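Hi,

Here is the structure I said I'd pass on. Have a look at it first, then read my notes underneath.

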Amino acid sequence: MKLQSLIDRAIQFPSITVAVAAAEDEDVLEAVQEALRRRLSRFLLYGDKEKIIEIINAKFPHLINKGDVQIIHALTNQEAAEKAVKAVQLNEANVLMKGNVQTAVILKAILNKEYGLRTGNILSHVAVFEIPDFERLLFITDAAMNLYPDLGQKVQIIENAVAIARSVGVNWPTVAPIAAVEVVNPSMQATLDAAALSQMNRREQITNCLIDGPLALDNAVSSLSAEQKGIKSEVAGRADILLVPTIEVGNALYKSLTYFAKAKVGGVIAGAKAPIVLTSRADSAESKLYSLALAICSTKH
């Protein structure tokens, strides 16, 4: 499976509207243009209207007078974030997308008690990677939102990731809680949590997936490594989802794959009332497009 398959699947979802907060950004507008070319969705662009039109006129003339694009002026990035979040809250849009705005600003709007998008569940980041010479898509969670999740939070993070994986056709995902070793060590909390999560899965407290751990990274993704170490597990070597123990592990793994392995990636925030595309301002237009496709696919989950 390739990330292109996300786009192919997203095209099948009709009448999707995306609200973009602070759309005055070339990479964001390039992703918008490509999404429109592929007929993925329509867009509500919130931000400095003059700057957005200036960028469109200079770089993306195909967006001029486009019926599927509406530009709504906002005086500040904070106002743009608030208006975009409210559009999703009021069902005027199905997906929220971060533009050229700081993450803290848009998260403040998302978490607002009056008009925000919280559901009572934990919000978590799910990234999906297409890695050269790796035979399947690989999901990693949580590399961006939760710092040091406890056992209860990890349950919800897994549930969010499983819902995202299932939305793109991985109907029974395998989940590997990652640790430094593949045995339970009372001195290593990650291994204790991994063992508890595996048992909760066996007792159907966590459903729609198969969990086994703790597993070190090599044993989770390489059948040869698991075989050499004598690990008997239905997940070892076949993990679809890697649950990282802390944000540092997730962040380092995420950036190692993109910078060293040249992996392609899309990501989404799950657990809110609607999918949230919360890419970095440094992410490419291609990555933003894959993230958008992933969010569209997950609207029904």
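Below is what I found in it, going from two helices and a strand to the cysteines and a few odd spots in the backbone. Keep in mind that this is a predicted model.

**Helix H2**

I'd start with helix H2, which covers residues 26–37. Its twelve residues reach 16 Å from first C-alpha to last, close to the 16 Å expected at 1.5 Å a residue. Asp 25 caps the N-terminal end of the helix, with a side-chain oxygen 3.0 Å from the backbone nitrogen of Asp 27. Just after H2, Arg 39 takes a positive phi of about 60°.

Which residues of H2 are buried? They are Val 28, Leu 29, Ala 31, Val 32, Ala 35 and Leu 36. Looking down the axis of H2, these buried residues fall within an arc of 155°, so they line one face of the helix. That face has plenty to pack against: strands E1 (17–21), E2 (42–47), E3 (69–73) and E4 (95–98), plus helices H3 (49–59) and H11 (285–297).

**Helix H5**

Helix H5 (residues 103–110) has its own set of buried residues, namely Ile 106, Leu 107, Ala 109 and Ile 110. They cover an arc of only 160° around the axis, which puts them on the same side of H5. On the other side of this helix, Ala 104 and Lys 108 are exposed. The buried residues of H5 pack against E1, helix H4 (77–89), E4 and strand E11 (276–277).

**Strand E4 and its partners**

E4 turns up in the packing of H2 and again in that of H5. Val 95 and Met 97 point one way from this strand, while Leu 96 and Lys 98 point the other way, and all are buried. Yes, that includes the lysine.

Where does E4 pair? With E1 it runs parallel, joined by four bridges, and Met 97 is the bridge partner of Val 20. E4 also runs parallel to E11, this time with two bridges; here Leu 96 has Ile 276 as its bridge partner.

**Cysteines**

If you were wondering about disulfides, the count is zero. The sulfur of Cys 209 is 20 Å from the closest cysteine sulfur, that of Cys 297, which is too far for a bond. Cys 297 is likewise in no disulfide. Both are tucked away from solvent by the accessibility numbers: Cys 209 is buried at a relative accessible area of 3%, and Cys 297 is buried at 1%.

**His 125 and the cis bond at Asp 142**

His 125 sits in strand E5 (residues 124–130). Buried or exposed? At 7% relative accessibility, His 125 counts as buried. Leaving out residues up to four places away in sequence, His 125 touches Ile 140, Thr 141, Asp 142, Ala 143, Ala 144, Met 145, Tyr 254, Gly 267, Val 268 and Ile 269.

Two of those contacts, Thr 141 and Asp 142, are joined by a cis peptide bond, with omega near 5°. Asp 142 itself lies in the loop between strand E6 (138–141) and helix H6 (151–167).

**Other backbone spots**

There is also a cis peptide bond from Gly 213 to Pro 214, with omega near 10°. Pro 214 belongs to the loop between strand E8 (210–211) and helix H8 (217–221).

Two asparagines have a positive phi. For Asn 91, phi is near 65°; this residue is in the loop between H4 and E4 and counts as exposed, at 69% relative accessibility. For Asn 208, phi is near 65°; its place is the loop between helix H7 (189–202) and E8, where Asn 208 is partly exposed, with a relative accessible area of 34%.

**The start of the chain**

Last, Met 1 lies in the segment before helix H1 (4–10). Met 1 is partly exposed, with a relative accessible area of 45%. Setting aside neighbours within four places in sequence, its contacts are Glu 135, Leu 137 and Val 168. As for H2, Met 1 is 26 residues from Asp 27 in sequence and 25 Å away in space, C-alpha to C-alpha.

Cheers

Methods:
Residues are numbered from 1 along each chain as its sequence is written. This is a predicted model: local features need pLDDT of at least 70, side-chain atom pairs count only at pLDDT 80 or more; totals for chains, interfaces and linings use all residues. Side-chain values use heavy atoms; hydrogens and water are left out. The expected span of a helix is 1.5 Å times one less than its number of residues. Buried means under 20% relative accessible area, exposed over 50%, partly exposed in between (1.4 Å probe, protein chains only). The arc is that of the directions from the helix axis to the C-beta atoms. Contact means heavy atoms within 4.5 Å. A polar contact is a pair of N or O atoms within 3.5 Å; within protein, one must be able to donate a hydrogen and the other to accept it, and residues adjacent in sequence count only if both atoms are side-chain atoms. Two strands pair if DSSP finds at least two bridges between them. A disulfide is a pair of cysteine sulfur atoms within 2.5 Å.
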